[in-house]
Structure formats: C-alpha cells, structure tokens
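Reader: Hi! I am in my first year and would like a close look at a single part of this structure. Could you walk me through the place where the ligand sits?

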Amino acid sequence: MNIPNHIGIIMDGNGRWATERGKKRSEGHKAGGKTLEKLALHAKNLGVKILSVYAFSTDNFKRSDEEVSFLMDLLIQYFNGKLNRVCEEGIKIVFSGRKEPLRKDVLEAMENIVERTKDNKECILNICLNYGGQEEIVDASLKIADDINNGIIKKEELTRENFMKYLYQDLPPIDLLIRTGKEHRLSNFMLYQSFYAEIYFVDTYFPDFLETELDKSIEYFSNRDRRFGSVKTN
Ligand code: IPE
Ligand code: IPE
Ligand code: MG
C-alpha cells in the first residue's frame, strides 16, 4: 500500500454522534478525543510522517460559551496528560493557528506539550487549534510583507514553494485529506497545503472513525492516479 506522507483530518460529526445516541454534544467531543489518540498511534505505526487534525476552527468561537469552554477544558486535559501515550511513542506535537483569543491556561498547556515532545522523531501531530486557512494565508502574507520591507527576501524571490515556509508550520503538502461526518466541504482547513490533496469524504462520524476506517481511506488513496497536472505516460 502507498502510505501518504501527510494526512489531514477534518474531525467532524462529534455532536451528531452524541445527539443521535441521546447524549450531550460534550460526550461526542470526549469520544472524539479518544479516537484521535488511537488514530495518531495507528498512523505512526503505518509510517505516516505528518498527521494534521482540525481540532477547533476560528469560526467555532461562534458556538455557545458552554460548548467552547467545554472544548477548551477538554483540550487542556489532553495536552496535560491524556496524550501521554502519544508523547511516549515518539510523536512530536506542534500547533497551527492564532493565539488570540485563546485562554492563557490553554496556551500554557499547548506550550507544555510542545516542549515535552520537541525532540520526538517518529512523526508529527499538527493540531490545528483556533485555526483558519484564510487567516493563515493572511498571516503569512503579513510576514512576507515585513520580510520584503526588511530586505530579507526580494519580491521576485517569492514562489509557491517558499510561500509555505511562512505558514504556521513549515510542513510538506497534504497528500490525503479526510473529512468525516457527512459534509463535503473544507470549512477553511489547510487551504494552501491541500492544493493537490486526494480528498476522502466519509459519512462515519469522527468518534467511529477508528483504525480500520483510516486503513480504508489509505487504500482509497493508494488507488488514485496522482498526475499533478501532467499527462500519464506508460
Ligand atoms: C467536530 O464535531 C468537532 C469540532 C468542530 C470542535 P462537531 O462539533 O462539529 O459535530 P457536529 O458537526 O455538530 O456533529
Ligand atoms: C470543521 O467542522 C471544524 C472542525 C472539525 C474543528 P465544523 O463543524 O465547524 O464545520 P461546518 O460548520 O460544518 O462547516
Ligand atoms: Mg461539525
């Protein structure tokens, strides 16, 4: 099987998973957290080098205060202990997104897990938190404008490749982009990095997207003929 180097997952459907089971939406987020831990370990064992996951979008601040604070508290629990296995198995954790307006205790927990895993070499788990793809492109453009003004880079030296170095994390492009939970849209996830991603939409709600579901998405990926704009010659 052809293993994608970089997988992106839009982890959607936690709320519907819970409501359809007569539970509170928060139960769905808890279940989603457990699934993420399993998927990160499984992806590492398969040889995936980077896993980028959409944990909280800039637009998710439009949700109720109750849901937002539940999610923030849950994320803190994950960064302060619930991801211990992931940390111990050599996975380096990085974040993509804006700091503002995240709470101080969330930012501290993020810094702690980044510091704790910074020397891990097996693979990278890039957690997109308070993340927006358009915001990322705007923020990169502002950094580029500064670098041009300060003579660090010349206008004519900017290319689509070195533009990527200005994004929140300097990562290779996404090869396989998965969205769980029935919707067929990007919802502002890693727009720049997904430019040639194979896209896999699956009805399964995120909490149920377990190891064998990830295997199926990789099998789908393996059967794609990636042409990158050229014409196949054989
Ligand atoms: C994804 O599940 C998790 C986050 C966006 C934080 P949702 O909470 O969007 O679940 P649905 O889409 O309402 O089912
Ligand atoms: C995308 O899901 C964001 C995350 C998975 C964190 P949403 O549930 O926020 O997306 P929409 O609102 O259905 O587009
Ligand atoms: Mg959703």
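Author: Happy to; here is a walk around the ligand and the pocket that holds it.

A word on the model comes before the details. This is a predicted model, in which local features need pLDDT of at least 70 and side-chain atom pairs count only at pLDDT 80 or more, while totals for chains, interfaces and linings use all residues. Residues are numbered from 1 along each chain as its sequence is written, chains are lettered from A and ligands numbered from 1 in the order in which they are written, and side-chain values use heavy atoms, with hydrogens and water left out.

Let us begin with the neighbours. Ligand 1 is surrounded by 13 residues (each with a heavy atom within 4 Å of the ligand). The closest are Asp12, Gly15, Arg16, Arg25 and Arg63.

Now look at the backbone. Polar backbone atoms come up to oxygen atoms of ligand 1 at 2.7 Å from Arg16, 2.9 Å from Gly15 and 3.2 Å from Asn14. A polar contact here is a pair of N or O atoms within 3.5 Å. The protein covers 87% of the 380 Å² of accessible area that ligand 1 has on its own (Shrake-Rupley method, 1.4 Å probe).

Which elements build this shell? Those that give two or more residues are α1 (14-19), α2 (25-46) and α3 (65-82), and α1 gives the most, with 3 residues. Helices are DSSP runs of H or I with at least four residues, and strands are runs of E with at least two. By class, the shell has 3 nonpolar, 5 polar and 5 charged residues. Here Ala, Val, Leu, Ile, Met, Phe, Trp, Tyr, Cys and Pro count as nonpolar, Asp, Glu, Lys and Arg as charged, and the others, Gly among them, as polar.

Finally, step back to the pocket. Ligand 1 sits in the largest pocket (more than half of its atoms lie within 2 Å of the pocket's grid points). A pocket is an open set of points on a 1 Å grid over the protein atoms alone, where a 1.4 Å probe fits, with protein on both sides within 12 Å along at least five of seven lines; lining residues have an atom within 4 Å of a point. The largest pocket has a volume of about 710 Å³, the space filled by probe spheres set on the points. Among its 31 lining residues, Met11, Asn14, Tyr54, Ala55 and Asn60 are the closest to its centre. Besides α1, α2 and α3, the strand β2 (50-57) gives two or more residues to this lining. By class, the lining has 14 nonpolar, 9 polar and 8 charged residues.

Key. Polar contact = N/O pair within 3.5 Å; in protein donor to acceptor, adjacent residues only side chain to side chain.
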